[in-house]
Amino acid sequence: MSGALVRPSPSRRAFLRGRRQVDSRPRPPGAVDEALFVDRCIRCDGCVEACPERVLVRADGGFPILDPSLGECTFCGDCVAACADQALLPSLLAEWPWRAALGAGCLSGQGVVCQACRDACGERAIRFPPGAGLGAPMIDASACSGCGACIGACPTSALRLQRIAISQSAASP
């Protein structure tokens with residue numbers, strides 16, 4: 001035996017103590033808030049099977065998430081229509097609280113010409129500084145739909161989806 005101390009997983013410990021781990025990855029479009037989602041979702045995979053883009057996957061605990069590395073979400077609503085337990089609601093489709101964010105490893109930021117994220121962005125939310133195509137991209141969060149098209153296109157996985165706050169005025173009809 002090596003003598004190394006093996007610690008239990010914090011998420012397992014929380015589960016055994018009756019506390020739920022909040023998943024920080026994007027739920028399917030139209031998802032209710034996280035605590036309510038975990039209570040309502042019966043993990044039937046209806047939304048995963050209904051997704052024509054195949055970007056919804058079963059994650060830890062069997063709950064669905066959107067995996068933007070698999071492609072772009074078109075916000076078609078098929079996942080919402082397949083959800084019988086009201087963990088996904090049509091009224092929340094327009095309130096998708098995720099936007100693209102740049103992390104470490106961007107090739108353009110390191111002096112290598114790459115604009116794969118911009119080319120994949122149908123919303124034209126990604127721009128590069130004028131010049132030779134070098135420099136880190138700028139993401140216009142107000143133009144970004146959070147579809148994830150840029151994430152799968154990035155050769156270094158420098159982009160991710162990040163949750164933003166939805167203002168009450170934007171959330172109200």
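1. A residue counts as buried under 20% relative accessible area, as exposed over 50%, and as partly exposed in between. Cys 76 has a relative accessible area of 42%, so Cys 76 is partly exposed. The residue sits in the loop between strand S2 (64–66) and helix H4 (78–82). In sequence, Cys 76 and Pro 29 are 47 residues apart. In space, their C-alpha atoms are 9.2 Å apart. Please keep in mind throughout that this is a predicted model.

2. Overall make-up. The protein chain holds seven helices and six strands. From the N terminus on, the order is α-α-α-β-β-α-β-α-β-β-α-β-α. The chain has 173 residues, and buried residues make up 36% of them.

3. The loop between S2 and H4 deserves a second look at two further residues. Phe 75 lies in this loop. Phe 75 is not a glycine, yet its phi is positive, at about 55°. Most residues other than glycine have a negative phi. With a relative accessibility of 24%, Phe 75 counts as partly exposed, because the partly exposed range runs between 20% and 50%. Ser 69 is found in the loop between S2 and H4 as well. At 47% relative accessibility, Ser 69 is partly exposed. Ser 69 and Ala 149 are 80 residues apart in sequence, but 8.1 Å apart from C-alpha to C-alpha.

4. Asp 45 combines two features. Its place is in the loop between H2 and H3. Its phi is positive, about 70°, although Asp 45 is not a glycine. Asp 45 also forms a salt bridge with Arg 58, where the closest N and O atoms are 3.1 Å apart. Arg 58 lies in strand S1 and Asp 45 in the loop between H2 and helix H3 (46–50), so the salt bridge ties together parts that are 13 residues apart in sequence. Arg 58 has 46% relative accessibility and therefore counts as partly exposed.

5. Other salt bridges. The whole structure contains four salt bridges. One of them joins the side chains of Arg 25 and Asp 60, at 3.7 Å from N to O. This pair links distant parts of the chain, 35 residues apart. Arg 25 is in the loop between helix H1 (10–16) and helix H2 (34–40), and Asp 60 is in the loop between strand S1 (56–58) and S2. The two ends fall into separate classes of accessibility: Arg 25 is partly exposed at 32%, and Asp 60 is exposed at 60%.

6. Arg 118 and Asp 119 also meet in a salt bridge through their side chains, at 3.1 Å from N to O. Arg 118 is partly exposed, with a relative accessible area of 36%. Asp 119 has 57%, so Asp 119 is exposed.

7. Arg 27 is worth checking by eye. Arg 27 lies in the loop between H1 and H2. Its relative accessible area is 5%; the residue is therefore buried. What does the side chain of Arg 27 reach? One partner is the backbone oxygen of Pro 64, at 3.1 Å. Another is the side chain of Glu 34, in a polar contact of 2.7 Å.

8. Strand pairing. Strand S3 (residues 98–102) is mostly covered, with four of its five residues buried. S3 and strand S6 (residues 159–163) run antiparallel and are joined by five bridges. Leu 102 has Leu 159 as its bridge partner in S6.

9. The second largest pocket. About 290 Å³ of space lies in this pocket. Its lining consists of 16 residues. Ala 31, Val 32, Asp 33, Pro 97 and Arg 163 lie nearest the centre of the pocket. By type, the lining divides into ten nonpolar residues, one polar and five charged.

10. Points to inspect first. For backbone geometry, look at Asp 45, with a positive phi of about 70°, and at Phe 75, with a positive phi of about 55°. For a buried charged side chain, look at Arg 27, which is 5% accessible and makes a polar contact with the side chain of Glu 34. For links between distant parts of the chain, look at Arg 25 and Asp 60.

Key. Residues numbered from 1 in each chain as written. Heavy atoms only, no water. Buried < 20%, exposed > 50% of the residue type's maximum accessible area, 1.4 Å probe, protein only. 1 Å grid on protein atoms, 1.4 Å probe; cavity = no way out; pocket = protein on both sides within 12 Å on 5 of 7 lines; lining within 4 Å. Points joined across faces, edges and corners; volume = space filled by probe spheres on them. Nonpolar A, V, L, I, M, F, W, Y, C, P; charged D, E, K, R; others polar. Pairing = 2+ DSSP bridges. Polar contact = N/O pair within 3.5 Å; in protein donor to acceptor, adjacent residues only side chain to side chain.
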